[in-house]
Amino acid sequence: MTNPEQPVWRFTARNAWRRFSANQGTDLAAALTYYSVQSLFPALLALVSLLGVFGNARATTRTLLDLIRRFIPGSATSSIEPIITAMVDARGSGIALVIGILAATWSASGYVGAFARAMNRIYGVPEGRPVWTLRPTLFALTIAIEVMAALVLVGLAVSGTLATAVFSLIGIGSVGLRAWNIAKWPGLLLVVMSMIALLYHVTPNVRRLRFRWLSVGALVALVVWILASTGFGFYVANFGSYNKTYGTLAGLIVMLLWLWLTNVALLLGAQVDAEIVRVRQLLAGMAAESHLVSDLKDDRGAIKAQAKEQEAERAAREIRLAAALGPTSPRGHGTPGRGTELDADGFVVEHPEQ
């Protein structure tokens, strides 16, 4: 007997990839990469400023660069290292801390806003939330993600001699160090999964009855990101010729490509979640073949946009009808009713009557 679940999962996988291509997922990832770059250096400024105020800036900068090398493959770190060093050497880190945190949060909220627009396209819904509710929501989400990202950085930094010193200070010594080394990676993985889950839950204008800390799409996104980062790093290290092709810009190009792969993985995971919703609706007898049956969080903005679109259509219709009812047509635009047609630029091509 054939397993009835097998064709359903095969349909979900194929349809997710097909709709990801139809929604121009790679182009959306490129747009998100722009917002990623826009928020990257303000975020680094805030982090380095914080390290300069509360710790040994140079020692912590070395730790930060080690963390960056774990995630950004190839020579991309060479483009970031001089900038971070300049930030450390700059004075007035307290002021830079305040300015950097504000700038980083505002810039990063631009990325989250772009991610929300991409998610709305994936789910096939309009953005109906008015700006006075949407922007605070995205800003709060940005702060939550920044805090969780800081936790990940702290978790990665607390290792080796630093972890030994910390656990010795609180009196648990080697026992605490062994427990930390075991629990650290599952804990960091849980935090990263929570960041993805928050993005998937909050950004689209789709109402959900419950929040899922772990979804199939989030798991797919994380696995695809790990595989893509590993494969891309191996390619850059062994086969890529970016240094010969781009010279001093090679590190920047590698970083942009890695950010693009990261956003592709996130959007692909979101598309998988959307197709799982579609399959559940189909199995429940809903007509979700072409569009998901979605309850919007807010439709006020969508109603307002629809009213403006209808007004523009009425104005265009009036122009057409006025031209059709006029005694003569404008010169060069042909006469209505004679079978005229337009060329690619919108000009009339007249054909002699047969």
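## A threonine in a loop

Let's start with one residue, Thr 203, which sits in the loop between H8 and H9. Keep in mind that you're looking at a predicted model.

Is Thr 203 buried or exposed? Its relative accessibility is 0%, so Thr 203 counts as buried, given that the cut-off for buried is under 20%. Its side chain also reaches the backbone oxygen of Leu 199, at 2.4 Å.

Which residues does Thr 203 touch, once you skip its neighbours within four places in sequence? The list is Val 112, Phe 115, Ala 116, Met 119, Asn 120, Arg 129, Leu 141 and Leu 198.

## The nonpolar cores

Some of those partners turn up again in the largest nonpolar core, which has 40 residues. Phe 115, Met 119 and Leu 141 are among the residues with the most contacts inside this core, along with Ile 122, Tyr 123, Tyr 200 and Leu 267. The elements giving two or more residues to it are helix H2 (25-54), helix H5 (93-123), helix H6 (131-157), helix H8 (173-202), helix H9 (216-238) and H11. Apart from this core lies another one, made of six residues, including Val 236, Val 254, Met 255 and Leu 259.

Now take a look at Leu 267. Leaving out neighbours within four places in sequence, Leu 267 is in contact with Phe 20, Gly 25, Leu 28, Ala 29, Leu 32, Phe 115, Ala 118 and Ile 122. Phe 115 is on this list, and it's on the Thr 203 list too.

## Stepping back to the whole chain

How many helices and strands does the protein have? There are 12 helices and two strands. If you read along the sequence, the helices come before the strands: α-α-α-α-α-α-α-α-α-α-α-α-β-β.

Of the 354 residues in the protein, 36% are buried. The protein exposes about 21100 Å², and carbon and sulfur atoms supply 65% of that. As for contacts between residues at least 6 apart in sequence, 74% of them join residues at least 24 apart.

## How confident is the prediction?

The mean pLDDT of the protein is 76, with 64% of its residues reaching 70 or more. Which element has the lowest mean pLDDT, and which the highest? Helix H7 (residues 160-169) is the lowest, with a mean of 56, while helix H11 (residues 250-283) is the highest, with 88. Over residues 329-338 the pLDDT is below 50, and this stretch has 12 contacts in the model beyond near neighbours in sequence.

Conventions: Residues numbered from 1 in each chain as written. Predicted model: local features only at pLDDT ≥ 70, side-chain atom pairs only at ≥ 80, totals over all residues. Heavy atoms only, no water. Helix = DSSP H or I, 4+ residues; strand = E, 2+ residues; numbered from the N terminus. Buried < 20%, exposed > 50% of the residue type's maximum accessible area, 1.4 Å probe, protein only. Contact = heavy atoms within 4.5 Å. Areas by Shrake-Rupley, 256 points an atom, 1.4 Å probe, with all protein chains shown as cover. pLDDT = per-residue confidence, 0-100. Core = buried A, V, L, I, M, F, W, Y, C linked by side-chain atoms within 4.5 Å. Polar contact = N/O pair within 3.5 Å; in protein donor to acceptor, adjacent residues only side chain to side chain.
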